[in-house]
Amino acid sequence: MQKKIKNNGAFFVLLGAFCFSGSGTIQALAPQEATPFVLGAIRLLVGGLFLFIWCLLNNILQFPKNWLWKNVLFSSFALCAFQMTFFLGVKEAGVAVGTIISIGMTPITAAIFGYLFYKEKPQKSWYISTLIAICGLVLLNLHGVHKPSFLGICLPILAGTIYAFYLSQSRELVKENRPELVMMILFLISSLFMLPIFFIYPLSWIFSQNGILVALGLGIITTGTAYSLVMAGLKTCETAKAATLSLGEPLGAALLGIFLLNEPINIFTIIGICALFSSVLILVYFPDKK
């Protein structure tokens, strides 16, 4: 029974990662004047409002139990910092390199944070799965790789580290609370941190029909639903394991790009997709031996 519960946690994280994977496809449909910073701020705000309505309708809108304000502030700040460093890193290094470095760095730093904060030692399958996943990620983005600058390497590394830190801090908040309630509060606090962005960059595109659909898609699907599923999984899933399962995001993004955006496919893409899929299967079904 315990193993079944743990596997359910892994599936929740994986399902959340697949929800994240729609970000690139939805952003590709955004109006031309939409900046990455505004998109990042909008997705947090809309995600928070969506979960507020969800919690209200499901009668779970209450003050959390045993609330750890230190973890709340660290998690909220990490959410903001990840948006900024990831988008800046992608802009500096390019989508392929920025994605490879940031997402590939997350499982490694998550394992470090998991050990530092919770004395967690990754299971043996984690090492195999993470190595296969990172190789698959490189192959998946091989066609877009170019030599990045020093800043183009540092920013994605920082983004991956920040996201891993967020995973390590936020998991404490869902031990006695509903993940939707926790993420609602984190999103709304993060939105306050990112409030200045709304006064710096143009916002008129949001009020167009396309802009509204993009904002709702990013906020509801790739933020509110995605993060809540990951948080639900973190109740029983180790930090390092959750970070590796988050590599399901580029797997889902690749499949969406191929089938919805008609992106080109080659042998490296196929091998990369197979490698990411294999890494997920190994991590979910391999026995939890330390």
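Guide: In this predicted model, a residue counts as buried when its relative accessible area is under 20%, and as exposed when that value is over 50%.

Visitor: Why is Gly217 called buried?

Guide: Gly217 has a relative accessibility of 11%, and the cut-off for buried is under 20%, so Gly217 counts as buried. Gly217 sits in helix α10, which runs over residues 209–233, and, leaving aside neighbours within four places in sequence, Gly217 is in contact with Ile26 and Thr222. Leu29, which is 188 residues away from Gly217 in sequence, has its C-alpha 10 Å from that of Gly217.

Visitor: How do you know whether Glu238 is buried or exposed?

Guide: The test is again the limit of under 20%, and Glu238, at 18% relative accessibility, therefore counts as buried. Glu238 belongs to the loop between α10 and α11, the latter being residues 239–245, and its C-alpha is separated by 14 Å from that of Tyr127, a residue 111 places away along the chain.

Visitor: What makes Asn66 and Lys119 exposed?

Guide: The cut-off for exposed is over 50%; Asn66 stands at 54% relative accessibility and so counts as exposed, and Lys119, at 59%, counts as exposed as well. Asn66 is placed in the loop between α3 and α4, where it has a positive phi of about 45° although it is not a glycine. Lys119 lies in the loop between α5 (95–118) and α6 (124–140), and its phi, near 55°, is likewise positive in a residue other than glycine. A further positive phi, of about 60°, is found at Asn59, just after α3.

Visitor: What makes α8 largely enclosed?

Guide: Of the 15 residues of α8, 12 are buried, so this helix is largely enclosed by the rest of the structure. Among its buried residues are Pro179, Glu180, Met183, Leu186, Phe187 and Ser191, and what covers the buried residues includes α3, α4, α7 and α10.

Visitor: How do you know that the span of α8 agrees with the expected one?

Guide: The expected span is 1.5 Å times one less than the number of residues, which for the 15 residues of α8 gives 21 Å, and the end C-alpha atoms are indeed 21 Å apart. By the same rule, α3, with 22 residues, reaches 31 Å from its first C-alpha to its last, close to the 32 Å expected.

Visitor: Why is α8 called oblique to α10?

Guide: The axes of helix α8 (residues 179–193) and α10 come within 9 Å and cross at roughly 125°. That angle falls outside the 65 to 115 degrees of roughly perpendicular pairs and is not over the 145 needed for roughly antiparallel, so α8 is oblique to α10. The contact is made by residues including Pro179, Val182, Met183 and Phe187 of α8 and Thr223, Gly224, Tyr227 and Met231 of α10, and the crossing is right-handed.

Visitor: What makes α7 and α10 oblique to each other?

Guide: The axes of helix α7 (residues 150–170) and α10 come within 10 Å and cross at roughly 55°. An angle under 35 degrees would count as roughly parallel and one of 65 to 115 as roughly perpendicular; α7 and α10 are therefore oblique to each other. In this pair, Tyr163, Tyr166, Leu167 and Ser170 in α7 meet Tyr227, Val230 and Met231 in α10, and α7 passes α10 in a right-handed crossing.

Visitor: Why are α3 and helix α4 called roughly antiparallel?

Guide: The axes of α3 and helix α4 (residues 69–93) cross at roughly 150° and come within 10 Å. The cut-off is over 145 degrees, and α3 and α4 are therefore roughly antiparallel to each other. Their crossing is right-handed, and Pro36, Phe37, Gly40, Arg43 and Leu44 in α3 meet Gln83, Met84, Phe87 and Leu88 in α4.

Visitor: Which residues touch the most other members of the largest nonpolar core?

Guide: Membership requires buried nonpolar residues joined through side-chain atoms within 4.5 Å. The largest core has 67 residues, of which Tyr166, Met183, Leu186, Tyr227 and Leu245 touch the most other members. Helix α3 (residues 36–57) gives the most to this core, with nine residues. Met183, not counting residues up to four places away in sequence, touches Leu51, Leu79, Tyr166, Tyr227, Ser228 and Met231. A second, separate core of 11 residues includes Ala133, Leu251, Ala254 and Leu276.

Methods
Residues numbered from 1 in each chain as written. Predicted model: local features only at pLDDT ≥ 70, side-chain atom pairs only at ≥ 80, totals over all residues. Heavy atoms only, no water. Buried < 20%, exposed > 50% of the residue type's maximum accessible area, 1.4 Å probe, protein only. Helix = DSSP H or I, 4+ residues; strand = E, 2+ residues; numbered from the N terminus. Contact = heavy atoms within 4.5 Å. Axes fitted to C-alpha atoms, helices over the stretch in contact; angles between N-to-C directions. Left-handed = near helix turned anticlockwise from the far one by under 90°.
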